[in-house]
Amino acid sequence: MNSVTVRVPAKVNLQLAVGPLRDDGYHDLVNVFHAVSIFDEVTATAETGMSVRVEGESADQVPEDGDNLAIRAALALAGHAGRPYGVNLLIRKSIPVAGGMAGGSADAAAALVACNELWGLGLPREDLMEIAADLGSDVPFALLGGTAVGTGRGERLTSLDVAGTFHWVFALADGGLSTAAVYAECDRLRQASGELVAWPQAAEALLAALREGDAEALGVQLGNDLQSAAVALRGSLARTLDAGREQGALGSLVSGSGPTCAFLARSAAHAGELAACLKDAGVARDVITAHGPVPGPVVV
Ligand code: C5P
């Protein structure tokens with residue numbers, strides 16, 4: 001086998017409850033991840049060295065050197081196997097870069113699956129999960145897909161039962177936001193307000209809405225503790241979120257650390273209408289529709 005291609009989805013967070021800052025610089029979370037139908041594709045081709053090329057949406061903003069998370073994933077896997085494997089990774093991007101939809105984590109997860117296959121390692125998903133957790137807090141979910149609740153720094157996952165399909169609209173912003181900067185702003189805002197930071201708890205009503213496939217109830221329960229920090233750093237997001245609510249979204253929130261905004265629709269048709277209204281309102285660089293949950297990385 002000379003080359004393997006893996007398709008991998010983006011995620012949106014349905015609940016992101018952020019606990020106090022830990023000694024290791026991370027925060028304990030309750031993070032309800034939901035994989036949606038916006039996909040990157042990663043092709044791994046056998047080669048002697050390690051290299052990466054990025055094509056597509058905002059490709060110029062993705063590093064093509066050792067900072068690329070997908071190459072770091074391939075190196076970590078070769079290290080785990082204890083062999084000097086090589087690979088060229090071609091990443092075709094559709095997931096917004098630094099958009100709060102875990103695009104970098106998705107590419108890393110796809111690289112793990114593709115190289116595991118290409119190099120004939122046959123490692124089980126549990127082994128890939130351990131390597132994934134060392135690469136970044138969102139990489140384990142990117143390997144899993146579907147809908148899951150993450151605790152710890154987001155890497156300890158339990159899959160959730162979800163009835164049916166939810167329909168989404170995503171408003172993409174110009175440029176990205178740094179995840180670390182958004183967490184730091186969240187800490188700063190909390191300190192400034194003297195807010196007592198509670199231990200993060202899963203919202204039972206949100207889990208019930210997912211189990212029952214109840215979009216209306218889910219819309220009310222969507223929540224993201226990083227949202228005020230993302231809006232503080234990028235004031236224009238307030239107008240984007242307002243526009244979605246005014247146009248009849250069942251719920252709206254910043255996706256992860258932003259700046260992508262997510263809007264829940266009643267149906268695929270309603271998502272199409274909402275997307276058209278948001279485009280007309282001129283509150284985003286681009287507006288796309290997607291559905292979830294979708295499975296994790298798939299060899300195509
Ligand atoms: O794990 P990852 O490298 O994706 O995290 C990026 C940054 O986001 C971390 O350096 C940290 O500042 C912040 N973070 C956090 N708590 C988490 C996850 C991420 O503070 N649970």
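**Exercise 1. Where in the chain is the place of Ser58?**

Start with the ground rules: this is a predicted model, in which local features need pLDDT of at least 70, side-chain atom pairs count only at pLDDT 80 or more, and totals for chains, interfaces and linings use all residues. Residues are numbered from 1 along each chain as its sequence is written, and side-chain values use heavy atoms, with hydrogens and water left out.

Step 1. Find the elements on either side: helices (H or I, at least four residues) and strands (E, at least two) are DSSP runs, numbered from the N terminus.

Step 2. Ser58 lies in the loop between β3 and α1.

Step 3. Now look at its backbone. Ser58 isn't a glycine, yet its phi is positive, about 55°. Most residues other than glycine have a negative phi.

Step 4. Ala98 makes a good companion case: its phi is near 50°, again positive in a residue other than glycine. Ala98 sits in the loop between β4 and α2. With a relative accessible area of 42%, Ala98 is partly exposed (buried means under 20% relative accessible area, exposed over 50%, partly exposed in between, using a 1.4 Å probe and protein chains only).

**Exercise 2. Describe helix α1 from its start to what follows it.**

Step 1. Length: α1 covers residues 69-81, which is 13 residues. From first C-alpha to last it reaches 18 Å, close to the 18 Å expected at 1.5 Å a residue (the expected span is 1.5 Å times one less than the number of residues).

Step 2. Start: a side-chain oxygen of Asn68 comes to within 2.8 Å of the backbone nitrogen of Ala70.

Step 3. Buried face: Leu69, Ala70, Ile71, Ala73, Ala74, Leu77 and Ala78 are the buried ones. Their cover includes β3 (50-56), β4 (87-93), α2 (103-118), α3 (125-135) and α4 (139-144).

Step 4. What follows: Gly82 comes after α1, with a positive phi near 70°.

**Exercise 3. Work out how α1 packs on α3.**

Step 1. Two packed helices are described by the angle between their axes and the distance between the axes.

Step 2. For α1 and α3 the angle is about 130° and the axes are 10 Å apart. That makes α1 oblique to α3. Here axes are lines fitted to C-alpha atoms, for helices over the stretch in contact, and angles run from 0 to 180 degrees between N-to-C directions. Angles under 35 degrees count as roughly parallel, over 145 as roughly antiparallel, 65 to 115 as roughly perpendicular and the rest as oblique.

Step 3. Pick out the residues that meet: α1 brings Leu69, Arg72, Ala73, Ala76, Leu77 and His80, while α3 brings Asp127, Leu128, Ile131 and Leu135 (contact means heavy atoms within 4.5 Å).

**Exercise 4. Compare the settings of two aspartates, Asp28 and Asp138.**

Step 1. Place them. Asp28 belongs to strand β2 (residues 27-46), whereas Asp138 is in the loop between α3 and α4.

Step 2. Check accessibility. Asp28 is buried, at 14% relative accessible area; Asp138 is partly exposed, at 21%.

Step 3. List the neighbours, skipping residues up to four places away in sequence. Asp28 touches Ala17, Val18, Gly19, Pro20, Arg22, Gly152, Trp199 and Pro200. Asp138 touches Lys11, Asn31, Phe33, Ala102 and Ser105.

Step 4. Look for a polar partner: the side chain of Asp28 makes a polar contact with that of Arg22, at 2.9 Å (a pair of N or O atoms within 3.5 Å; within protein, one must be able to donate a hydrogen and the other to accept it, and residues adjacent in sequence count only if both atoms are side-chain atoms).

**Exercise 5. Which residues of helix α6 are buried, and what do they pack against?**

Step 1. In α6 (residues 204-212), the buried residues are Leu206, Leu207, Ala208, Ala209 and Leu210.

Step 2. They pack against β1 (3-21), β2, β5 (147-151), β7 (166-172) and α7 (215-221).

Step 3. Zoom in on Ala208: it counts as buried at 17% relative accessibility.

Step 4. After α6 comes Gly213, with a positive phi near 65°.

**Exercise 6. Locate two cis peptide bonds.**

Step 1. Gly258 to Pro259 is cis, with omega near 10°. Pro259 is in the loop between β9 (251-254) and β10 (261-265).

Step 2. Gly292 and Pro293 are also joined by a cis bond, with omega about 0°. Pro293 falls in the loop between β11 (286-292) and β12 (298-299).
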